[in-house]
Amino acid sequence: MFEPGAGPAANPAAGRLRPIRTFEPRRSRVTKAQGEALLRLWPTWGLDIDGSRVLDLDELFATLPAGSPVVLEIGFGMGEATVQMAAADRETGLLAVDVHTPGQGNLLRLADLQGLTNVRVANGDALILLREMLPERCLTGLRIYFPDPWPKKRHNKRRLVQTPFLDLAATRLAPGAVLHCATDWEPYAEQMLEVLSAHPDFENTQEDGGFAARPEHRPQTRFEGQGIRKGHRVHDLLFRRRP
Ligand SMILES: C[S@@+](CC[C@H](N)C(=O)[O-])C[C@H]1O[C@@H](n2cnc3c(N)ncnc32)[C@H](O)[C@@H]1O
């Protein structure tokens, strides 16, 4: 039976300077299958975000040829879409980060079922990962699908995609790397478009300067499905890191 302490750490960056929390604490149960996956697979594919060192991505993705592209996905949820994208492009390393333990177990389980060796599951705050553990210009892509919308005005400051975040992300992205965001929350979509369009380090891949159609490589995510069932409209944004 999975017990906290056996796999991902409960609070890997304890004692470090924490950014404003962009995620909602959730207390959902780890199922038997997820717990088994965490116990068996975490030591091989898991990474605690403790902020203690800068990662060598060739070492982290030693199953791939040195210099392979690496994409970061922030907030993979239950990981179904992550696994589909990793399976469709096995030559790219996929560093997937979330704080949600059941989701981490689920992603490990799904990746194992498909025999994937290009997925690494990071546990903790993506902002600490970016700020303290990733070298400059190391990412060939960044995916943020359906980040927590924080709809209440007083919570808007918790939204992930804001100028200070883009300042940080821009330093970790290689020139030409694509930042791909999607959301079903209209005001957040507008905010994303506004801050990305205004940011000097990013350019819109869309000639009309607007939202993009969902690219084929992005499967529908779990959270997206819930939004669509509620009648929400989904927006994708595809921006490129300027050289
Ligand atoms: C609304 S869910 C969407 C999950 C998934 N992308 C989907 O579309 O089904 C947002 C996820 O982002 C994670 N998250 C938010 N802020 C984060 C952060 N700073 N670091 C790591 N994960 C974060 C949350 O834990 C949550 O699982």
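With 22 C-beta neighbours inside 10 Å, Phe-146 counts as buried; the label applies when 20 or more other C-beta atoms lie within 10 Å of a residue's own, while 12 or fewer make a residue exposed and anything in between partly exposed, with C-beta atoms placed from the backbone. Phe-146 is also a residue with a positive phi, about 55 degrees, although it is not a glycine. Its place is the loop between β5 and α6, and β5 is a good thread to follow through this structure.

Before going on, a word on the model. It is predicted, and local features need pLDDT of at least 70, side-chain atom pairs count only at pLDDT 80 or more, and totals for chains, interfaces and linings use all residues. Residues are numbered from 1 along each chain as its sequence is written.

**The chain as a whole**

The secondary structure comes to 8 helices and 8 strands; these are DSSP runs numbered from the N terminus, helices being H or I with at least four residues and strands E with at least two. The C-alpha atoms fill a box of roughly 50 × 40 × 40 Å along the principal axes. A compact globule of 243 residues would have a radius of gyration near 18 Å, and the 17 Å of this chain agrees with that. For that comparison, the radius is taken over C-alpha atoms and the globule rule is 2.2 Å times the number of residues to the power 0.38.

Of the 243 residues, 43% count as buried. Among contacts between residues at least 6 apart in sequence, 82% join residues at least 24 apart; a contact means that two C-beta atoms, placed from the backbone, lie within 7 Å.

**Strand β5 and its partners**

Strand β5 covers residues 139–145, and 5 of its 7 residues are buried, so β5 is largely enclosed by the rest of the structure. Strands count as paired if DSSP finds at least two bridges between them. The two pairings of β5 described here are set out below.

| Partner of β5 | Residues of partner | Sense | Bridges |
|---|---|---|---|
| β2 | residues 70–74 | parallel | 4 bridges |
| β6 | residues 173–183 | parallel | 6 bridges |

To place these pairings in the sequence, look for Ile-74, whose bridge partner in β5 is Ile-144. Towards β6, Gly-141 stands opposite Val-178. Together, β5, helix α6 (residues 163–172) and β6 make a right-handed β-α-β unit. Right-handed here means that, with the strands pointing away from the viewer, the path from the first strand over the helix to the second runs clockwise.

What does Arg-143 of β5 touch, its neighbours within four places in sequence left aside? Arg-143 is in contact with Val-71, Glu-73 and His-180. This arginine lies in β5 and counts as buried, with 22 C-beta neighbours inside 10 Å. The C-alpha atoms of Arg-143 and Trp-185, 42 residues apart along the chain, are separated by 17 Å.

In the loop between α5 and β5 sits Arg-137. Arg-137 has a positive phi of about 55 degrees and is not a glycine. With 14 other C-beta atoms within 10 Å, Arg-137 is partly exposed.

**Helix α5 and strand β3**

Helix α5 is mostly covered, as 6 of its 8 residues are buried: Ala-126, Leu-127, Ile-128, Leu-129, Leu-130 and Met-133. These buried residues pack against β2, β3, β4 (119–123) and α6.

Val-97 offers a view from strand β3. With 23 C-beta neighbours inside 10 Å, Val-97 is buried. Leaving aside neighbours within four places in sequence, Val-97 is in contact with Ile-49, Leu-72, Ile-74, Ala-122, Ala-126 and Leu-129. The C-alpha atoms of Val-97 and Leu-166 are separated by 17 Å and lie 69 residues apart along the chain.

**The shell around the ligand**

Which residues come nearest to the ligand? Of the 23 residues around it, these are Phe-23, Gly-75, Gly-77, Thr-221 and Phe-223; a residue is near a molecule if its C-beta atom, placed from the backbone, lies within 6 Å of it. β3 (93–98), α5 (126–133) and α8 (222–229) each supply at least two residues of the shell, and α8 gives the most, with 3 residues.

The shell divides into 12 nonpolar, 6 polar and 5 charged residues. In this count Ala, Val, Leu, Ile, Met, Phe, Trp, Tyr, Cys and Pro are nonpolar, Asp, Glu, Lys and Arg are charged, and the others, Gly among them, are polar.
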